[in-house]
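Grab your viewer and work through these exercises at your own pace. Each one sets a task, then walks through a solution.

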Amino acid sequence: MTPRKTGPARAGLRPLTRAVCAAAALALALPPAPAAASPSPSPSASPSPSASPSAPAALPPITPFLLGATGDDACVTDSPTTVEEKPWTHVSLGLDTVHRLTEGAGTTVAVLAGGVAADGPLADAVGGGGSADCRGYGTFLAGVVAARPAEGSGFVGVAPAARIVGVATGDARSGVATPADIASSLEEAVGAGADVVLVGAAAWENSARLDDAVAAAAEADVLVVAPSSVTPESQPLAAYPAQDPTVLSVGSYDPEGAPAAASPPAVLEGDETARTDVVAPGTQVLGVGPGGGHFVSGGDGVAAAFAAGTAALVRSRHPDLSAEQVRERIIASAYGAMPGAEPEVVGRGPVDPMAALTGSPEDAASAAAPNGGGPFTPDPPSRGTWNVPVTVAVAGGSALLIVVCVLGAVVLRRGRARGWRPATGQPAAPAPEGRRR
């Protein structure tokens, strides 16, 4: 039998064929890449420099508390700065895509704080013409929820079509509110027809009256959103009414996607960690203040404002959902546990407005039945889903490549059998004896 030729060029054909076929098989085995546009970027991803506030340290600060403040020295002055770039919070929450679905029209969010000024991007948002806001904190929270787009500004609220009702709560200069203050304001907010109540002036003590006011809000189908903790001085304290299980309790994360909770975190009596359902942006947050200029603030109260805006979006798009269903939807659709973070500190993880809007609530009958079903399971979020045209193209191309591999293998076998001579219809002559190996 005549040995086959195994010169270097020919010896490399078989590995090459195998490599091409293996690549085709691998292309079929691997799923195609997700769609390029992610509606809600992961908060753990660092925002691009263009999406971050320009020189946030240069923006005047607004703080939740200013203990011992007296006179006009406690009040903020108008900010001369307006940042044109979109802030990192806008990118982190994917608000451009979210606002294609809803902007929160038809919903009312009550903001419990020292005051809410109807200035600049809030001029058309605040019902009743607003009120004086010495420290600017209530205005800042209202802006996070519902600031309208403004020329020359990259900042816009989470629900820029929602209506704001400001309910003066606590001391306008120090920011301190007692449980009785919050209970009274909560009752006023429910009476004003609020769909969502944002407790900006949280307390670090509880009372039976506050518990009753929260229960009455739940009975009236009003969702209460509140910060998990407050830090009037250096040590974080568990905040109320966020410890009530019917309240959406919110912690915070920073621009790098890391939990902003202090170490050790806020605790209740008996060293129990303060409850947290979800987290939202709460560090180096850009927003508006009295006068309409841009300021910077942070804390769990600011994070709660982002969650309250998300709740307004959900209630606008799904008006048939109850307050409790909206709360459960926001919790269940959160991103999940954050790497390296204790679940007690971050709850279910960062709020995801797009997933909250596109999820599916559990069947009402199952929810009402004893031990019937668990929390609703949201539909798969659009981020990470397959792109159908790309899937078809990859599958078709891979199939064509496999056909080429099969035909190429046939050609190679027949070519070797002919000694790589052109086909003549006659069997190939044996190679000369002197050329055999």
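**Exercise 1. Find where Asp-221 sits, then check its backbone and its exposure.**

Step 1: Start with the location. In this predicted model, Asp-221 is in the loop that runs between helix H7 (208-219) and strand S4 (223-227).

Step 2: Now the backbone. Asp-221 isn't a glycine, yet its phi is positive, near 65°.

Step 3: Then the exposure. The relative accessible area of Asp-221 is 34%. Buried would need under 20% and exposed over 50%, so Asp-221 comes out as partly exposed.

Step 4: Try the same routine on Gln-284, which is placed in the loop between S8 and S9. Its phi is positive too, about 50°, and again the residue is not a glycine. With 40% relative accessibility, Gln-284 counts as partly exposed.

**Exercise 2. Look at the peptide bond from Tyr-240 to Pro-241: is it cis or trans?**

Step 1: Read off omega, which is near 20° for this bond, so go with cis.

Step 2: Place it on the chain. Pro-241 belongs to the loop between strand S6 (237-238) and S7.

**Exercise 3. Track down the disulfide and work out which parts of the chain it ties together.**

Step 1: Search the whole structure, and one disulfide turns up. The partners are Cys-75 and Cys-134, with sulfur atoms 2.1 Å apart.

Step 2: Get the handedness. The torsion about the S-S bond is -105°, and the link is left-handed.

Step 3: Locate both ends. Cys-75 lies in the loop between helix H2 (13-29) and helix H3 (88-92), while Cys-134 lies in the loop between strand S1 (108-113) and H5, so the bond ties together parts that are 59 residues apart in sequence.

Step 4: Compare how covered the two ends are. Cys-75, at 25% relative accessibility, is partly exposed, whereas Cys-134, at 13%, is buried.

**Exercise 4. Describe how helix H5 (residues 137-146) packs with helix H8 (residues 300-317).**

Step 1: Two numbers do the job here, since packed helices are described by the angle between their axes and the distance between the axes. For H5 and H8, the angle is about 35° and the axes are 8 Å apart.

Step 2: Add the sense of the crossing: H5 passes H8 in a right-handed one.

Step 3: List who meets whom. H5 brings Tyr-137, Phe-140, Leu-141, Val-144 and Val-145, and H8 answers with Gly-301, Val-302, Ala-305, Phe-306, Ala-308 and Gly-309. Sorted by class, this contact has nine nonpolar residues, two polar and no charged ones.

Step 4: Zoom out to the rest of H5. Ten of its ten residues are buried, and besides H8 they pack against S1, strand S2 (163-168), strand S3 (196-199), strand S9 (285-288) and strand S10 (294-297).

**Exercise 5. Is Ala-266 buried or exposed, and what is it in contact with?**

Step 1: Find Ala-266 in the loop between strand S7 (248-253) and strand S8 (278-281).

Step 2: Check the cover. A relative accessible area of 7% falls under the 20% cut-off, so Ala-266 is buried.

Step 3: Collect the contacts. Setting aside neighbours within four places in sequence, Ala-266 touches Ser-229, Pro-236, Leu-237, Ala-238, Thr-273 and Ala-274.

Step 4: Pick out Leu-237. Ala-266 and Leu-237 are 29 residues apart in sequence, but their C-alpha atoms are 4.8 Å apart in space.

Technical notes:
Residues numbered from 1 in each chain as written. Predicted model: local features only at pLDDT ≥ 70, side-chain atom pairs only at ≥ 80, totals over all residues. Heavy atoms only, no water. Helix = DSSP H or I, 4+ residues; strand = E, 2+ residues; numbered from the N terminus. Buried < 20%, exposed > 50% of the residue type's maximum accessible area, 1.4 Å probe, protein only. Contact = heavy atoms within 4.5 Å. Axes fitted to C-alpha atoms, helices over the stretch in contact; angles between N-to-C directions. Left-handed = near helix turned anticlockwise from the far one by under 90°. Nonpolar A, V, L, I, M, F, W, Y, C, P; charged D, E, K, R; others polar. Disulfide = S-S within 2.5 Å.
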